[in-house]
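Here is a walk through one protein chain for someone who would rather think in side chains than in spreadsheets. Have the viewer open and click along.

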Amino acid sequence: MADKQFSVLPQHLGIIMDGNGRWAKQRSLVRSEGHKQGSETFRKIGEYAGNLGIRYITFYAFSTENWNRPEAEVNAIMQLFDSFLTEAIDRLDENIEKGIRLHFLGDKSGLSDELQNLMDYVEEQTKNCTKVHLNLAINYGGRQEILQAVKTIAQKVQNGEISVDEISEQMLSDALYTSGQPDPDLIIRPSGELRLSNFLTYQSAYSEFWFSDVLWPDFTEEHLNQALADFEKRHRRFGGI
């Protein structure tokens, strides 16, 4: 599909990848097959969005609450994540040439040592890329992110590095996983659900939202075009007139 042209694009796009399990159930498949198909959609949509010129893209892949799912399903998701990282390393030169920086949002300490090492390596190798910032939220929760940021700032106060009066919105923003990145202009959630589910809780204060009934594995470039065309028409006032 040829890349569509838009007069206005979100600088930062957030996508909640939802509906993999239901997609599999509709086809009498195990849930892991839905996640596998969803990972293919992630690659396709990520590449397309980057080619359109969207500089920051954040995909919600695995939340802190997702650990409550069946062990077999969690293991399948982690295996897919391992495969993604292995592929990213295999294609490192290509990704660097395309200017793709990979960044991971979430608590890495909850993941295996092997995954943490792969994540750290990919982040380090692509840290100087600036064309596309691809964020993958793994073991991520928006409230937990805010809590960790508050603890970081509180520790600085306790150490005498700053005073309470010096705490600002910018300081809190800088303590989040997305430090240095713009807040998401548009957040897309497929699958018929109409909620954020603890995704970019602080950063989404003024985000536009686009919802769709399509399940994530069936999400196409044309669906993204529809969301972006809708975004073009919106008048963002940020509390003004």
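What follows goes from the overall fold to a strand in the interior, then to ring pairs, charged pairs and a loop serine.

## The chain as a whole

First things first: this is a predicted model. The chain has 8 helices and 6 strands, and reading from the N terminus the elements go β-α-α-β-α-α-β-α-β-α-α-β-β-α. Its radius of gyration is 18 Å, close to the 18 Å that the globule rule gives for 241 residues, so the chain is as compact as a globular protein of that length. If you want a feel for the dimensions, the C-alpha trace spans about 60 × 50 × 35 Å along its principal axes.

How much of the chain is buried? Buried residues account for 46% of the 241 residues. The accessible surface adds up to about 12700 Å², and 47% of that belongs to carbon and sulfur atoms. Contacts reach a long way along the sequence, too: of those between residues at least 6 apart, 76% join residues at least 24 apart.

## Thr58 and its surroundings

Go to strand β2, residues 56-63, and pick out Thr58. Is Thr58 buried or exposed? With a relative accessible area of 0%, Thr58 is buried. Its side chain still has a polar partner, since cut-off and distance agree: polar contacts are N or O pairs within 3.5 Å, and the side chains of Thr58 and His12 make one at 2.7 Å.

His12 has company around this threonine. Setting aside neighbours within four places in sequence, Thr58 is in contact with His12, Leu13, Gly14, Ile15, Leu105, Asn135, Phe199 and Leu200.

## Aromatic pairs

The whole structure holds 11 aromatic pairs. One of them is Phe42 with Phe59, an edge-to-face pair with 4.7 Å centre to centre and 90° between the planes. This pair links distant parts of the chain, with Phe42 in helix α2 (residues 31-52) and Phe59 in strand β2, 17 residues apart. Both rings are tucked away: Phe42 is buried at a relative accessible area of 7%, and Phe59 is buried at 0%.

Right next along the strand sits another pair to look at. The rings of Tyr60 and Tyr140 have centres 5.9 Å apart and planes at 85°, so this pair is edge-to-face. Tyr60 is in strand β2 and Tyr140 in strand β4 (residues 132-140), which puts these linked parts 80 residues apart. Tyr60 counts as buried at 6% relative accessibility, and Tyr140 is buried at 0%. Back on the phenylalanine side, ring pairs link Phe42, Phe59, Phe84, Trp216 and Phe219 into a cluster.

## Salt bridges

Now for the charges. A search of the whole structure turns up 17 salt bridges. One of them joins the side chains of Arg22 and Asp18 at 3.3 Å, N to O. Arg22 is partly exposed, at 33% relative accessibility, whereas Asp18 is buried, at 14%.

Glu123 forms a salt bridge with Lys108, with the closest N and O atoms 2.5 Å apart. Glu123 lies in helix α5 and Lys108 in the loop between β3 and α5, so this pair ties together parts that are 15 residues apart in sequence. Glu123 is buried, at a relative accessible area of 14%. Then there is Glu208 with Arg234, whose side chains meet at 3.1 Å, N to O. That pair links distant parts of the chain: Glu208 is in strand β6 (residues 208-211) and Arg234 in the segment after α8 (221-233), 26 residues apart. Glu208 is buried at 18%, while Arg234 is partly exposed at 26%. Salt bridges also link up into a network made of Glu40, Arg43, Glu87, Arg91, Glu94 and Lys98.

## A serine in a loop

Last stop: where does Ser112 sit? Ser112 is in the loop between β3 (100-105) and α5 (113-125). At a relative accessible area of 38%, Ser112 is partly exposed. Its side chain reaches the backbone nitrogen of Leu115 at 3.1 Å. For a sense of distance, Ser112 and Leu29 are 83 residues apart in sequence and 27 Å apart in space, C-alpha to C-alpha.

Conventions
Residues numbered from 1 in each chain as written. Predicted model: local features only at pLDDT ≥ 70, side-chain atom pairs only at ≥ 80, totals over all residues. Heavy atoms only, no water. Helix = DSSP H or I, 4+ residues; strand = E, 2+ residues; numbered from the N terminus. Buried < 20%, exposed > 50% of the residue type's maximum accessible area, 1.4 Å probe, protein only. Polar contact = N/O pair within 3.5 Å; in protein donor to acceptor, adjacent residues only side chain to side chain. Contact = heavy atoms within 4.5 Å. Phe/Tyr/Trp six-rings, centres within 6.5 Å; stacked < 30°, edge-to-face > 60°. Rg over C-alpha atoms; globule rule 2.2 N^0.38 Å. Areas by Shrake-Rupley, 256 points an atom, 1.4 Å probe, with all protein chains shown as cover. Salt bridge = Lys/Arg side-chain N within 4 Å of Asp/Glu carboxyl O.
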